[in-house]
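Student: I've just opened this one and I'm new to it. Can we go through what the terms mean here?

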Amino acid sequence: MPSSRKIRSTAVAVLIAAGAAGVPAIAQQAKPTPPTAAEWAALAKLPDFTGVWEVGFGPPGGRGGAGSGRGARAGGPPAGPQLTPAYAARRQARMANPPEDSQAANCLPPGMPGIMGQPYPMEFLLTPGLVTIVIEAYTQVRHIYTDGRPLPDDPDPKFHGTSVGRWEADTLVVETVGFSPQTDIAANTPHSDKMKIVERFRLSDPDTMTIETTVTDADALAAPWVSNRTLRRHRAWTIAEYICEENNRNSVDANGKAGINIKK
Amino acid sequence: MRIWSFGRLVIWSFAAALALSVSLSAHHSFAAFDMTKEQTITGIVSRFDWTNPHTFIWVDVTNDKGVTESWAIEGMSPNYLGRRGWSKNSVKPGEKITVSIRPLKEGKTGGMFIRAQIGDRVLMPTGTPTDER
């Protein structure tokens, strides 16, 4: 049985070692400081993104090649991503025996970029150093850090990736990297770990927001895929609860077979 | 809840079909439904699920053999419909309802909501978004 004195000295040694290892990692991060009154006041000078917005479902107005963008069905020219031969082959393999549905039928959120095109509203919140997008569909949230931090070199894969943003005049430019392999560029179109998404948010009139989304992926895409969305502001709307598991009767199984439970 | 003229009904049916073809696909595909068929059923509402990700109208329908079957009619979410004039009280148990649907495949007693009539009220899957909420 070790003496209490020995335990103490061991603990101190461990703490010193941990501290030495931890110092460089901590030094890389910006020192967190509380927002100042000036930073809160500066928000008032930014374009007014506040409130609840809903995507319009007109023709998508995309460019960058033929394919299967979600908007392609709504009319207008096909606007899907243009794939490299290797990823076109992967897509072809998936489409040889296409699943009847995506995992969204099992309530798995689509992640980026699909989450930004849902038929539900989203709310923009601006605070010092951060733009937060509260997304009603699947009760999701995106955090866009506007405090000057760089994108991570080796991000953990996430459904929404890791986002940083900056203001270029009246446009919020958001760069996002590090996506989960469970997300797709478009339906049945996988991405590589090189996928990067740049979104340009701006007000085209007081209650209309446009988002130009550019997806690049050196492995998967032969050309950048650019698409545009238009959102309408609804001043009186609030974000509603959306618990997908509340009464989800749809499903897709491991073989891609879609199902529906109509047992009362 | 609105009462529609025939002309507006036609226009909104078209708009609704277009909107639905995009909207419903957000959560799931149409694989379970026969999108080439439209079927109309009449019966008595037994339950209305005002729930995410979809509403369900449960209708007791007496078939041509005199047997009462329970039909499950899937509609858009309360979030979507609630911003377009519907409420949890739009459909009530005990009401007689006539519903047009895209029927489920394999002869299952259910389908996807197209439109419905309860008395003189016509229920559409979409409408003009309201700024009430």
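Student: What makes the barrel of chain A, and how many strands does it have?

Tutor: In this predicted model, 9 strands close into a barrel in the order 1-2-3-4-5-6-7-8-9, with mixed pairing. On average, neighbouring strands of the sheet are turned by 30° against each other, direction ignored. Local features need pLDDT of at least 70, side-chain atom pairs count only at pLDDT 80 or more, and totals for chains, interfaces and linings use all residues. Residues are numbered from 1 along each chain as its sequence is written, while chains are lettered from A and ligands numbered from 1 in the order in which they are written.

Student: Why are strand 8 and strand 9 of chain A said to pair?

Tutor: Pairing takes at least two bridges found by DSSP. Strand 8 (residues 208–216) and strand 9 (residues 225–233) of chain A have 8 bridges, so they pair, in the antiparallel sense. Thr213(A) stands opposite Ser227(A) there.

Student: What lies between strand 5 and strand 6 of chain A?

Tutor: A hairpin turn with 2 residues between the strands; Ala169(A) in that turn has a positive phi of about 55°. These two strands run antiparallel over 7 bridges, with Ser163(A) opposite Thr176(A). Strand 6 of chain A is also joined to strand 7 (residues 196–205), antiparallel, by 6 bridges, and Val177(A) has Lys196(A) as its bridge partner.

Student: How many helices and strands are counted in chain A?

Tutor: 3 helices and 11 strands. Both are DSSP runs numbered from the N terminus: helices are H or I with at least four residues, strands E with at least two.

Technical notes: Axes fitted to C-alpha atoms, helices over the stretch in contact; angles between N-to-C directions.
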